[in-house]
Amino acid sequence: MLATVIHGERDVRLEEVPDPVLSTGGDAIVRVVAACVCGSDLWPYRGVTPTRSPRRIGHEFVGVVEEVGPDVRTIAVGDFVIAPFYDCDMTCLNCRNGVSTSCLHGGAWGADDQLGGFADGGQGQKVRVPHADGSLVATPEYPADDLIPSLLTLSDVMGTGHHAALSAGVTEGSTVVVVGDGAVGLCAVLASARLGASRIVAMSRHESRQALAREFGATEIVAERGDAGVAAVKELFDGIGPDCVLEAVGTKESMDQAIRSARPGGMVGYVGVPNGGAELPIRTLFNTNVGVNGGVAPVRNYVEELLQDVWSGAIQPGRVFDLELPLSDIAEAYAAMDSRRAIKTLVRP
C-alpha cells in the first residue's frame, strides 16, 4: 500500500510500504477514507523536531473497517469509524479517569505498539488499529460525503478545542478569548459557543480566519499581539480581561499573551503543543490568582458527545478544512499549511 514517510526537513514522500496485518486478536484493519495534516506535523516538517530516520507520519483519520481480530466485540467489518490521534484501550484506569492520552496500554500511530505489532501512520491507505474496541468509534451509518470533514475533526482538532474550553471552565455566560487562529483555535471558538459563552474574542490577523471565527461564534476580533494585544483585550472587558483564555499555539509568546490577558482569578486552558521555550511565570500567576489547566487533549473521551452534534448538523467543524488534495499530493498538503496558504489540509487516498 501507499503511505506517507517523513525523511527530514521539508521532505515528505508517498512510498510503498507493507500492507497491515492482524496480529494480536483485538486489532482491526481500517481502510482510510480521509486523513489530514496537523499543525503539530509541521514541527518535524520544519526541522524544529529532528527526524533521525525515515518514519511514518499522520495521526488523524476516518475510514471503513475491513478486518477485525477474533477478540473484537464492538466494531464490525463495514463500520465507518473515527480514530483519535492516538491508540488507547478505554479500559485502563487512566482512560476511565478521562485521560485516555495516558492509556497504560496505548501508543502512537506510525510506531510499534505495546502488543508486538505496528500501528500504521494515518496518512496512508490503511491502518492497523491495535485496540479496535477502545480507539475506534463507529458512526450510526455510512455518512454523507459532506459530513466526512467534520467527522475527521473529531480525531483531533474539534476535541482539542473542546478540551481547551473545558480546561478553562467555559460555561453558560462565560467571556472567552482564544489565542491562535489555526484549526484548533477556530474549533476552540466553536466549542466555546457550543458551551454557551456570552462573548468570544478571536485573536487573529488573517481576514479569512477572522471570517470563519465569526461564523463559528466569535463576537469580536483582536488583531494586535504582545502588549498591544493584552491592552486591546482588557479594554473589551472593563479593563480587567475575560473569564477564560484558550491558548492554541504552544509558543512562549502565545502563553504569555494568554496568561496576561486573563482577568484576576480567571483561567487559561492551554492545548497548543509546547514549543519555543514556553514556561509558566509563577509570580504573575500567584499575584493575579490566574489558573492554568490543560495539556494534550484526551479527544477519545469526547468523541461520542461531540459526534451527536456533528451528526445532527448542529456544529460543522469540518469547515476548518479549506484545502482538499489527493494523497498523491501529500507534499503539497504540507507545503500549503507550512506557508499558511491553508488552515488545514484534508487528504483522500
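Trainee: In what order do the three strands of the open antiparallel sheet stand?

Mentor: This is a predicted model, with residues numbered from 1 along each chain as its sequence is written; local features need pLDDT of at least 70, side-chain atom pairs count only at pLDDT 80 or more, and totals for chains, interfaces and linings use all residues. Side-chain values use heavy atoms, with hydrogens and water left out. Strands (E, at least two residues) and helices (H or I, at least four) are DSSP runs numbered from the N terminus, and two strands pair if DSSP finds at least two bridges between them. The three strands here pair antiparallel, in the order 2-1-4.

Trainee: Why is one side of strand 2 and of strand 4 left without a neighbour in that sheet?

Mentor: Look at the order again: 2-1-4. Strand 2 (11-16) and strand 4 (55-56) each have a single partner strand, so one side of each has no neighbour in the sheet because they stand at the edges.

Trainee: Which residue of strand 4 is the bridge partner of Val5?

Mentor: Strand 1 (residues 2-8) and strand 4 run antiparallel and share two bridges. In strand 4, Val5 has as its bridge partner Arg56.

Trainee: Is Thr51 buried or exposed?

Mentor: Thr51 sits in the loop between helix 1 (42-45) and strand 4. Leaving out residues up to four places away in sequence, Thr51 touches Ile6, His7, Gly8 and Pro44, a touch or contact being heavy atoms within 4.5 Å. Buried means under 20% relative accessible area, exposed over 50%, and partly exposed in between (1.4 Å probe, protein chains only). Thr51 has 17% relative accessibility and therefore counts as buried.

Trainee: What is the order of the open sheet of six strands?

Mentor: Its pairing is parallel. The edges are strand 13 (220-222) and strand 16 (291-294), each pairing on one side only. From edge to edge, the order is 13-12-11-14-15-16.

Trainee: What is the average twist from one strand to the next there?

Mentor: Angles run from 0 to 180 degrees between N-to-C directions, with axes fitted to C-alpha atoms, for helices over the stretch in contact. For this sheet, the average from one strand to the next is 20 degrees.

Trainee: Which residue of strand 14 stands opposite Val178?

Mentor: Strand 11 (175-179) and strand 14 (residues 244-247) run parallel, joined by four bridges. One bridge pairs Val176 with Cys244. Opposite Val178 stands Leu246.

Trainee: Which residues point the other way from Cys244 and Leu246 in strand 14?

Mentor: In a regular strand, side chains alternate between the two faces of the sheet. In strand 14, Cys244 and Leu246 point one way, and these two and their opposites are all buried. The residues pointing the other way are Val245 and Glu247.

Trainee: At about what angle does helix 9 run to strand 14?

Mentor: Helix 9 (residues 252-261) lies across strands 11, 12, 14, 15 and 16. Its angle to strand 14 is about 175 degrees.

Trainee: Are helix 6 and helix 7 roughly parallel or roughly antiparallel?

Mentor: Helix 6 (residues 183-194) and helix 7 (residues 207-216) have axes 8 Å apart, at an angle of about 20 degrees. Under 35 degrees counts as roughly parallel, over 145 as roughly antiparallel, 65 to 115 as roughly perpendicular and the rest as oblique. The two helices are therefore roughly parallel.

Trainee: How many residues of the contact of helix 6 with helix 7 are nonpolar?

Mentor: Leu186, Val189, Leu190 and Ala193 in helix 6 meet Arg209, Leu212, Ala213 and Phe216 in helix 7. Ala, Val, Leu, Ile, Met, Phe, Trp, Tyr, Cys and Pro count as nonpolar, Asp, Glu, Lys and Arg as charged, and the others, Gly among them, as polar. One contact residue is charged and none is polar; the nonpolar ones number seven.

Trainee: Which residues does Gly182 touch, beyond those up to four places away in sequence?

Mentor: Gly182 lies in the loop between strand 11 and helix 6. At 24% relative accessibility, Gly182 counts as partly exposed. Its contacts are Arg209 and Ile343.

Trainee: Which residue of strand 18 stands opposite Leu325?

Mentor: Strand 18 (345-348) is among the elements covering the buried residues of helix 12. Strand 3 (residues 28-36) runs antiparallel to strand 18, with two bridges. Strand 17 runs parallel to strand 18, with four bridges. Opposite Leu325 stands Val347.
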